[in-house]
Amino acid sequence: MSVDLWVWVVTAAAVVGMVVFDFYAHVRTPHAPSFGESARWSIFYIALAVAFGIGLGMVWGWGHGSEYFAGYITEKSLSVDNLFVFLIIMTKFAVPREYQQKVLLVGVVIALVLRTVFILLGAAAIAQFSWVFYVFGAFLIYTAVKLARENHDSDGDVGDEPAPGGFAVRMLKRLVPTTEEYHGDRLSVRIDGKRYLTPMLVVMVAIGSTDVLFALDSIPAIYGLTKEPYIVFTTNAFALLGLRQLYFLLGGLLERLVYLSQGLAVILGFIGVKLVLEAMHTNELPFINGGNHVEWAPEIPIWLSMTVILGTLAVATVASLYATRNDRKPAVTES
C-alpha cells in the first residue's frame, strides 16, 4: 500500500479541520448537549468513518479495507472503555456539565498528537526490527490480563477511585498556583494581580496525561491488525473524533457495560497472540528456533480477526445489559 505525501497532508488537514469545526460549532458556546444532538453527531462521525473505509477499500483494495474496518472497530471499542476513566476524572474534578465538552475536545486534540507520535515511532521500530512484534504481543497479553480483572460496577462509587493523571496534576499544582473554583470555562484567572490556573486547565492535563497510557495499548493493538501507518492513523483519528459525542450519548448506559473490560481483554489477548504468531513468521531472534522462521505458526486472516472482535463485543454488550436489566426498573413497594 503506497500512500503519497499529498494524501497524508490532505488527510491531516481534514482531521484538523473537523476538530476546528467541532470547536466553533459545538464547544465555543458552553452548553450541555442533548441526547438528540449527541446521537446525530455520533451517527455523522460513524458514517464518515464508514464512508472513508469504503473509499479506502475501493482505492487500495478490500484487503486493506478489511484491515481498516477491523482496526476502526477495535479502536472505537477501546475508546468506549476510556470513557469510564474520563467519567472518573470529570467526577473527581466536579466539572460542570456545560463545560465538559471543552475538556473532552482538548483531550481529543492531545490524544491525536500523542498517538501520531506513537504511530510514527511504532512504524519506524517495526521497519527496523521484526522482533518488536514480540514486545507488542507480550504487552497486549499482559494488558488483557490486567484489564480482565477490572470491574466497571454500576453500583460502585466513582469517588472511591484513585485519581487518574494524579502525578501530572500534582506536579502542575506544585509548579503553578491554581484555584479551587471554576471561573466559567477560562483556563486561567487573575486574582489580586496574580495569575492562577483554574481547574479547567488542571482537568485537561489529567485527561491528556491519562491518554498516554491509552495509547500504549491502542497502538500495538492496531499494528496487530495492519502494518500500514496510514490505516493506523486514520482508524485512531476517526475513533477519537466522535469520542466527545459518544460520551454524552452513552450517558447512563456507560455504567451498565459491566463486562466491557472483560470483552476488551479477550480482544487484546487475541491480537496479542496474533502479533506473537506474526513475529514467529519473520523470526530473526537466535534463541528462538535458531534464528529461523517458525513454519508451523498459523497465520490468522483478517476475516477471522473481524469475526472475533465483533463477536466478542456483541457477547460482552448483551451480557452486560442482561446482567444490569433490573438497574433501570423502578423499585416495587409493598402496600
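This note sets out points on the fold, the interior and the surface of a predicted model.

1. Overall fold. The protein chain contains twelve helices and two strands. Along the sequence the order is α-α-α-α-α-α-β-β-α-α-α-α-α-α, with the two β elements placed after six α elements and before six further ones.

2. Burial and contact range. Of the 335 residues in the protein chain, 47% are buried. When contacts between residues at least 6 apart in sequence are considered, 79% of them join residues at least 24 apart.

3. Exposed area. The surface exposed by the protein chain comes to about 16600 Å². Carbon and sulfur atoms account for 66% of that area.

4. Nonpolar core. The largest nonpolar core has 87 residues. Within this core, the residues that touch the most other members are Tyr68, Phe86, Phe93, Val103 and Ile271. For Val103, the contacts beyond four places in sequence are Met90, Val95, Met200, Val203, Met204 and Ile207. Val103 thus serves here as a worked example of one of the residues named for the core.

5. Helix H9. This helix spans residues 243–250 and is mostly covered, with seven of its eight residues buried. The buried residues are Leu243, Arg244, Gln245, Leu246, Tyr247, Phe248 and Leu250. Arg244 and Gln245 are therefore to be read as members of this buried set, since buried means under 20% relative accessible area.

6. Asn236. Helix H8, residues 229–241, includes Asn236. Is Asn236 buried or exposed? Its relative accessibility is 2%, and Asn236 therefore counts as buried, the cut-off being under 20% relative accessible area. Outside its neighbours within four places in sequence, Asn236 is in contact with Glu75, Arg115, Ile119, Ser218, Ile219 and Ile222.

7. Nonpolar surface patch. Ile46, Val50, Ile54, Met58, Val59 and Trp62 make a nonpolar surface patch of about 590 Å². Helix H2, residues 35–60, gives the largest share of this patch, namely five residues. Residues three or four places apart in an α-helix point the same way, because there are 3.6 residues a turn.

8. Ile54. This patch residue is found in helix H2. Ile54 has a relative accessible area of 39% and is therefore partly exposed, as that class lies between the limits of 20% and 50%.

Note on methods:
Residues numbered from 1 in each chain as written. Predicted model: local features only at pLDDT ≥ 70, side-chain atom pairs only at ≥ 80, totals over all residues. Heavy atoms only, no water. Helix = DSSP H or I, 4+ residues; strand = E, 2+ residues; numbered from the N terminus. Buried < 20%, exposed > 50% of the residue type's maximum accessible area, 1.4 Å probe, protein only. Contact = heavy atoms within 4.5 Å. Areas by Shrake-Rupley, 256 points an atom, 1.4 Å probe, with all protein chains shown as cover. Core = buried A, V, L, I, M, F, W, Y, C linked by side-chain atoms within 4.5 Å. Patch = residues over 30% accessible without salt bridge, like charges linked within 9 Å, V, L, I, M, F, W, Y side chains within 5 Å. Salt bridge = Lys/Arg side-chain N within 4 Å of Asp/Glu carboxyl O.
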